[in-house]
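Trainee: I should like to study this structure step by step. May we begin with the place where the chains meet and then turn to single residues?

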Amino acid sequence: MNSRERVLCALNHCEPDRVPVDFSGHRSSGISALLYPKLRAFFELPEKPVRIYDPIQQMAVVDDDMLDLLGVDTIELGRAFALNDDDWSDWVLPDGSPCLLPVWVKPEREEHRWVIRSKSGTIIAHMPDGAFYFEQTFYPFFEKDDLDNLPDALDECMWSAIASPPGPLVSGPGGDDLLVREARNLRNTSDRAILGLFGGNLLELGQFLYRNDKFLMQLALNPAGVHRFLDCLVDMHLQNLEKFLNLVGEYIDVIVFGDDLGMQTGPQISPQMYRDFFKPRHSKMWRRAKELADVKVMLHCCGGVRPLLPDLIDAGLDAINPVQISCRGMEATQLKADFGDKLVFWGGGCDTQQILPLGTPEDVRAHVRQQVDIFKKGGGFVFQQVHNILANVPPQNVAAMFAEINRDHHPRH
Amino acid sequence: MDNTTNLLNAVLDGKIDDAGALTKHALLNGMSAASVLNQCLIPAMEEVGARFQRNDYYIPDMLIAAEAMKTALNILKPSLITSGTKPAATVAIGTIQGDLHDIGKNLVAVMLEGNGFDVLDLGVDVKPSQFTAAVMDHKVHVIAMSALLTSTMVNMQNVIRTLEQLGLRNRVKVIVGGAPVTQRYADEIGADGFCDNAAGTVSLAKRLLGLNMATFSDESYSARVL
């Protein structure tokens with residue numbers, strides 16, 4: 001079984017030869033740029049420049065030698081782009097060490113902080129000294145929304161304006177050709193399962209455009225206005241989906257949507273509110289994706305979302321990520337028992353809030369063994385630590401996590 | 001239903017305009033501002049908290065109830081000031097140094113305010129010196145710290161250490177929360193309390209300060225100023 005077959009087998013609820021492993025296949029399974037060189041040193045891999053593919057969260061590109069060493073079965077479509085030196089520019093990490101940023105991301109130094117501006121010059125994100133990531137500073141619809149100019153508003157919003165590769169490399173003349181060519185090339189040269197990041201966020205984009213609290217209040221106070229906004233958003237998403245999958249659908253295996261619906265103690269919104277506002281729209285996008293290409297639909301959705309899982313499954317979801325097992329209602333055994341035959345758990349392999357950063361390597365191994373034993377039965381499981389591995393995690397704990405998942409076989413070298 | 005019940009329900013249901021109108025009506029009918037606060041608004045927000053903890057209410061319900069509460073409170077404020085009624089306690093709240101997330105912190109602030117606390121919101125990326133300055137300058141009774149990430153959570157103990165170094169530790173209660181924070185971590189760093197949700201934080205703060213605002217009479221409310 002090669003990596004792609006292994007992932008697809010698990011996604012089809014069959015037990016593969018071994019549990020497939022995702023690491024850095026999307027923007028919530030990666031590793032901090034501050035930690036990445038330490039992990040390379042721990043594994044005695046040669047030093048390489050640290051490339052930050054996700055400037056907001058400050059996540060590093062994981063090089064092929066490490067993917068091979070750790071037996072990783074996934075790759076993000078974006079890894080096929082920005083392969084030339086002139087796609088990157090020099091920058092400096094918060095600890096003073098050098099790194100590279102995509103050339104189109106241009107942080108500016110201000111007193112005590114870095115800022116990033118939109119095309120129009122608005123400061124849309126900042127990273128104060130002492131912080132390890134950028135945070136949104138501007139909410140284009142906070143004062144007043146403008147649904148006729150939604151794409152312009154998205155250009156003013158940190159999460160949509162600051163792109164990971166391929167980003168602007170595939171916009172403009174020749175962009176579509178480049179996207180297809182490099183996607184095909186990746187397909188032909190890698191046997192890893194390819195993840196295409198699409199997004200299609202609904203609740204989250206409301207929160208990013210209007211500001212979190214305002215949008216959540218609008219859901220209760222102004223349902224008609226929220227429906228109008230979501231209709232415009234879904235129209236735009238469907239157009240983009242059509243284009244994206246027509247270009248690369250045949251080269252990717254999984255399309256990744258995102259919408260954090262949960263928090264530590266449960267869903268942010270009631271299951272009824274999910275059904276009223278979001279479920280029909282998720283369903284429309286996910287079913288369309290499957291009509292357009294032979295892809296599996298994965299949703300990245302943080303938090304305690306167990307009460308929403310029956311509706312997400314009903315809406316056509318194949319795989320849920322990151323399976324945040326430390327949240328209320330997300331206990332692995334019960335999740336697997338109740339939903340394991342209908343839903344793939346992409347994640348939940350290792351807790352990143354307590355055990356990975358704070359445990360001993362032995363704690364990590366015992367925990368990973370337990371999680372894998374629960375989730376792997378009958379397939380329907382792709383291993384991933386619950387979220388990005390942050391800067392403060394001891395490299396030996398990361399090594400212990402992968403040592404446990406690779407316990408019974410030797411990854412290719 | 002009488003006006004008191006109507007106002008309580010208006011807050012509970014997040015009917016912002018109704019809450020404002022019913023508050024004005026109550027004052028016009030001779031009800032004291034402190035009575036409106038103690039008999040309608042605070043009980044309403046306590047019920048909001050209870051429903052949130054039972055998963056009957058979600059964040060949108062909590063936010064609109066808090067907004068209705070704030071609208072009513074703003075109408076009461078001039079009368080509260082005139083009558084010398086003060087909030088029972090002041091809480092300085094902030095997201096810890098290095099961390100810029102504020103969704104959870106803001107929810108806690110909203111619920112504390114809604115339950116009659118004076119809230120000094122220090123924002124995000126709050127340094128230990130800002131927390132200690134709040135204790136010295138504003139005489140806060142509680143410091144509430146939040147973190148979303150394990151990489152920033154560690155800065156919480158610097159605040160407690162700085163309070164100790166300045167001899168201020170015994171003057172305030174320190175409570176902590178946020179996704180990666182646990183009771184065990186709170187104990188390790190010597191915090192006075194931990195809670196994993198906004199509604200529970202209100203009960204925690206009250207318990208630590210020995211307050212039971214639900215049962216206050218008008219007189220005892222102002223008498224309980226710390």
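**The interface and selected residues**

Mentor: In this predicted model, 31 residues of chain A are in contact with 27 residues of chain B. We may now take the questions in order.

Trainee: How much area do chain A and chain B bury between them?

Mentor: The buried area is summed over both chains. Carbon and sulfur atoms carry 67% of it. The area that chain A and chain B bury between them is about 2,400 Å².

Trainee: Which residues form the salt bridge between chain A and chain B?

Mentor: The count between the two chains is one salt bridge. A salt bridge requires a side-chain nitrogen of Lys or Arg within 4 Å of a carboxyl oxygen of Asp or Glu. Here the closest N and O atoms are 3.5 Å apart, so the pair meets that cut-off. The partners are Arg328(A) and Asp196(B).

Trainee: Which element gives the most residues to the side of chain A that touches chain B?

Mentor: Across this interface, seven residue pairs are in polar contact. On the side of chain A, the elements that give two or more residues are β8, α8, α10 and α13. The one that gives the most, with six residues, is α8(A).

Trainee: How many nonpolar residues does that side of chain A have?

Mentor: By class, the side of chain A that touches chain B has four charged and eleven polar residues. Its nonpolar residues number 16.

Trainee: Is chain B as compact as a globular protein of its length, or is it not, and what is its radius of gyration?

Mentor: Chain B contains eleven helices and five strands. For its 226 residues the globule rule gives 17 Å, and the value for chain B is close to this, so chain B is as compact as a globular protein of that length. Its radius of gyration is 18 Å.

Trainee: What share of the residues in chain B is buried?

Mentor: To count as buried, a residue must have under 20% relative accessible area. Of the 226 residues in chain B, the buried share is 55%.

Trainee: Is Thr132(B) buried or exposed?

Mentor: Thr132(B) lies in helix α6 of chain B. Beyond its sequence neighbours up to four places away, Thr132(B) touches Thr162(B), Leu163(B), Leu166(B) and Leu168(B). Its relative accessible area is 3%, and the cut-off is under 20%, so Thr132(B) is buried.

Trainee: Which residue has a backbone oxygen 3.0 Å from a polar atom of the side chain of Thr132(B)?

Mentor: The distance of 3.0 Å concerns a polar side-chain atom of Thr132(B). The backbone oxygen at that distance belongs to Ser129(B).

Trainee: What is the omega of the cis peptide bond between Asn321(A) and Pro322(A)?

Mentor: Most peptide bonds are trans. Pro322(A) is placed in the loop between β15 and α12 of chain A. The bond from Asn321(A) to Pro322(A) is cis, with omega near 5°.

Trainee: Is Asn55(B) buried, partly exposed or exposed?

Mentor: Asn55(B) lies in the loop between α3 and α4 of chain B. Its phi is positive, near 65°. Its relative accessible area is 32%, which falls between the limits of 20% and 50%, so Asn55(B) is partly exposed.

Technical notes
Residues are numbered from 1 along each chain as its sequence is written. Chains are lettered from A and ligands numbered from 1 in the order in which they are written. This is a predicted model: local features need pLDDT of at least 70, side-chain atom pairs count only at pLDDT 80 or more; totals for chains, interfaces and linings use all residues. Side-chain values use heavy atoms; hydrogens and water are left out. Contact means heavy atoms within 4.5 Å. Buried area is the accessible area (1.4 Å probe) that two parts lose on being put together, summed over both. A polar contact is a pair of N or O atoms within 3.5 Å; within protein, one must be able to donate a hydrogen and the other to accept it, and residues adjacent in sequence count only if both atoms are side-chain atoms. Helices (H or I, at least four residues) and strands (E, at least two) are DSSP runs, numbered from the N terminus. Ala, Val, Leu, Ile, Met, Phe, Trp, Tyr, Cys and Pro count as nonpolar, Asp, Glu, Lys and Arg as charged, and the others, Gly among them, as polar. Buried means under 20% relative accessible area, exposed over 50%, partly exposed in between (1.4 Å probe, protein chains only). The radius of gyration is taken over C-alpha atoms; the globule rule is 2.2 Å times the number of residues to the power 0.38.
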